[in-house]
Amino acid sequence: GGGIHISSGTTTLTNSIIGNSLGGGDCVVSGGNVIATYTLIEDSGSDACSLTSVSGNIIGSDPSLNPLSDNGCVAPSGIPATAACVLTHELLPDSPAINTASNSECPNDDERGFIRGDGQCDMGAFERSAFDPTNTPTIPTLSQWGMLLMSVILAMIGLLGLRRKLT
């Protein structure tokens, strides 16, 4: 059981959450070492890779997560949502992981494809502000020039069709 077990090498954790593990500790090191920044680990001491609450880490705090579930996603174009989406743990409103991640190490979208748009990233794969149903996913749109070009092309096609009809 347990969250992760490191037996050799160096493991780097950034903006991560390890918690609610089913026995054996959240993060156990039997060899190698762990470098962690802006990471929440529910356990403490040797069950938290012997890490402390430095470098933005939160050690020994309940991450306040909902169970693993389908919290929605944005599937890339041409890929069915059922194949592209991942299950995530929703951060509950009182989670200490909210707005405590390193922005410089934070991707623009969370693991589900939703925008991390409130100015401060959350730890983990789930961005709480993105769970707001009014948040829209990052979807490419045509620029004004692209729309103008498309309009001209469609007008030309229409004129060619009209010309053929008249002759």
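In this predicted model, Ile157 comes out as exposed, because its relative accessibility is 52% and the cut-off for that label is over 50%. Ile157 belongs to helix α2, which spans residues 144-166. On the surface, Ile157 has company: together with Leu149, Met150, Ile153 and Leu154, Ile157 makes up a nonpolar patch of about 500 Å².

Next comes the loop between β9 and α2, which is where Pro96 sits. Pro96 has a relative accessible area of 27%, so it is classed as partly exposed, a label that covers values between the 20% and 50% limits. Pro96 also pairs up in space with Pro63: the two are 33 residues apart along the chain, yet their C-alpha atoms are separated by just 6.2 Å.

Then there is the matter of empty space. The largest pocket holds about 250 Å³. Its lining is built from 16 residues, and those closest to the centre are Ile17, Leu65, His89, Gly124 and Ala125. Three strands, β3 (17-18), β8 (65-69) and β9 (88-91), each put at least two residues into this lining. The top contributor is β9, which supplies three. As for chemistry, the lining of the largest pocket splits into nine nonpolar and seven polar residues, with no charged ones at all. β9 therefore turns up twice in this account, as the strand that gives the most to the pocket lining and, by the definition of strands as numbered runs, as one end of the loop that carries Pro96.

Key: Residues numbered from 1 in each chain as written. Predicted model: local features only at pLDDT ≥ 70, side-chain atom pairs only at ≥ 80, totals over all residues. Heavy atoms only, no water. 1 Å grid on protein atoms, 1.4 Å probe; cavity = no way out; pocket = protein on both sides within 12 Å on 5 of 7 lines; lining within 4 Å. Points joined across faces, edges and corners; volume = space filled by probe spheres on them. Helix = DSSP H or I, 4+ residues; strand = E, 2+ residues; numbered from the N terminus. Nonpolar A, V, L, I, M, F, W, Y, C, P; charged D, E, K, R; others polar. Patch = residues over 30% accessible without salt bridge, like charges linked within 9 Å, V, L, I, M, F, W, Y side chains within 5 Å. Areas by Shrake-Rupley, 256 points an atom, 1.4 Å probe, with all protein chains shown as cover. Salt bridge = Lys/Arg side-chain N within 4 Å of Asp/Glu carboxyl O. Buried < 20%, exposed > 50% of the residue type's maximum accessible area, 1.4 Å probe, protein only.
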